[in-house]
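Subject: The model we talked about

Hi there,

Here is the structure I promised to pass on. Have a look at it first, and then read on for what I found.

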Amino acid sequence: MVTGGRGGIGRAIVRRLLREEFTVYAADLTPEGSIFSDDEHQGRFVRLDVTSEDEARAAMNLVLEEQGKLDVLVNAAGIELEKTIEHTTLDEWNRSFAVNVTGTFLASKHALPLMRQATADGRTASIINFGSYDGFIADPGLAAYCATKGAVHALTKAMACDHGPEGIRVNAVCPGYIDTPMLQSFFAGAGSGGQGRSLESLKEAVRNVHPIRNYGTPDDIANLVNWLASDEARYASGQLWVLDGGLSAQVQQMRL
Ligand SMILES: NC(=O)c1ccc[n+]([C@@H]2O[C@H](COP(=O)([O-])OP(=O)(O)OC[C@H]3O[C@@H](n4cnc5c(N)ncnc54)[C@H](O)[C@@H]3O)[C@@H](O)[C@H]2O)c1
């Protein structure tokens, strides 16, 4: 199951896991329509607002009835609020935590009984959370978002400790700048530090600040998720996997 399965990164993960012959449930707020371009493999949409415990329970029950187990949960649903704390209302703060942190908690909590079924034959099951490089270092104007991602990082480690003995691996993927609707909205937002610059010049500047001189694509993220989901990653757990084109490895260059 991929939460946020209709988003920029979620879609790429859904497509990639279908290619690997998983039966995929794409869980999101708006289940109508078709994103499964793959002719050979069938995926299924599930309505799941990750902030609702009833919906998390119902979505997992559906998978239990149809599959009897769950091998992989990808918690990719997320929202980004482009504001400093001073301009953030309490409702916006709570909403950010409800989707990014509570959503990860609820989907994972109700997935665990199904994942225990998947590990019954000695294989591992895998939960893949979505952190961010913003959970380590901050972009200006993203205070609540940064705080939620730091919380997801800590939750990932706690879940890995608690459920590793049951054969359930828990990791977080921490993307840098990935070209999705979320990134487009970040560029368009005042909180990005754009200060009147054109969108194109802002994008070019951000591209150039990366050691590899580019953003990532959703497929780059899907490749890592696919590995973490697979048996090849059977020894990988409790880690925060940063995929950011080297962005967070460097000291910011001085612009003289
Ligand atoms: N794009 C980036 O540069 C980037 C960088 C770091 C981390 N991330 C993280 O990657 C994940 C995916 O981001 P994306 O770029 O694909 O974003 P996106 O906005 O394209 O997709 C997010 C998806 O989450 C869904 N969603 C929002 N609220 C939901 C809810 N309550 N219940 C269920 N689904 C909900 C949306 O409908 C959407 O389909 C997020 O957790 C995001 O924080 C993205």
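In strand 7 (residues 240–243) the side chains take turns between two faces: Leu240 and Val242 point one way and are buried, whereas Trp241 and Leu243 point the other way and are not. In a regular strand, side chains alternate between the two faces of the sheet. Please keep in mind that this is a predicted model.

What does strand 7 pair with? Its parallel partner is strand 6 (residues 168–175), and four bridges join the two. Val242, one of the buried residues of strand 7, has Cys174 standing opposite.

Just after strand 7 comes Asp244, in the segment that follows that strand. Is Asp244 buried or exposed? Asp244 counts as buried because 22 C-beta neighbours lie inside 10 Å, and the cut-off for buried is 20 or more. Leaving aside residues up to four places away in sequence, Asp244 touches Tyr133, Pro175 and Gly176. With Gly176 the separation is 68 residues in sequence, but the two C-alpha atoms are 4.1 Å apart in space.

Strand 4 (residues 72–75) is another one to look at. Here both faces are covered: Val72 and Val74 are buried on one side, and Leu73 and Asn75 are buried on the other. Strand 4 also has two parallel partners that I would point out. With strand 1 (residues 2–3) it pairs over two bridges, and Val2 has Val74 as its bridge partner. With strand 5 (residues 125–130) strand 4 pairs over four bridges, again in the parallel sense, and there Asn75 stands opposite Asn129.

Now the ligand. Its shell holds 29 residues, and the closest are Gly4, Gly7, Ile9, Gly78 and Thr180. Which helices supply at least two residues each to that shell? Among the elements that do so are helix 1 (8–19), helix 3 (90–118) and helix 5. By type, the shell residues divide into 15 nonpolar, 10 polar and four charged. A word of caution about helix 5 (residues 181–188): among the elements of the chain it has the lowest mean pLDDT, 79, while strand 5 has the highest, 99. For the chain as a whole the mean pLDDT is 91, and 91% of the residues reach 70 or more.

Two backbone spots deserve a look on your screen. Glu21 has a positive phi of about 70° although it is not a glycine. Glu21 sits in the loop between helix 1 and strand 2 (24–28), and it is exposed because 9 other C-beta atoms lie within 10 Å, where the cut-off for exposed is 12 or fewer. Arg213 is also a non-glycine residue with a positive phi, in this case of about 60°. Its place is the loop between helix 6 (199–208) and helix 7 (218–229), and with 10 other C-beta atoms within 10 Å, Arg213 is exposed.

One more residue for your list is Ala58, which belongs to helix 2 (residues 53–67). With 14 C-beta neighbours inside 10 Å, Ala58 counts as partly exposed, since that count falls between the cut-offs of 12 or fewer for exposed and 20 or more for buried. Ala58 and His110 are 52 residues apart in sequence, and their C-alpha atoms are 9.1 Å apart in space.

Finally, the overall picture. The protein chain has seven helices and seven strands, and along the sequence they follow the pattern β-α-β-β-α-β-α-β-α-β-α-α-α-β. The radius of gyration is 18 Å, close to the 18 Å that the globule rule gives for 256 residues, so the chain is as compact as a globular protein of that length. Its C-alpha trace spans about 60 × 40 × 35 Å along the principal axes. Of the 256 residues, 44% are buried. Among contacts between residues at least 6 apart in sequence, 71% join residues at least 24 apart.

I hope you enjoy looking through it.

Best wishes

Note on methods
Residues numbered from 1 in each chain as written. Predicted model: local features only at pLDDT ≥ 70, side-chain atom pairs only at ≥ 80, totals over all residues. Rg over C-alpha atoms; globule rule 2.2 N^0.38 Å. Contact = placed C-beta atoms within 7 Å. pLDDT = per-residue confidence, 0-100. Near = placed C-beta within 6 Å. Nonpolar A, V, L, I, M, F, W, Y, C, P; charged D, E, K, R; others polar. Pairing = 2+ DSSP bridges.
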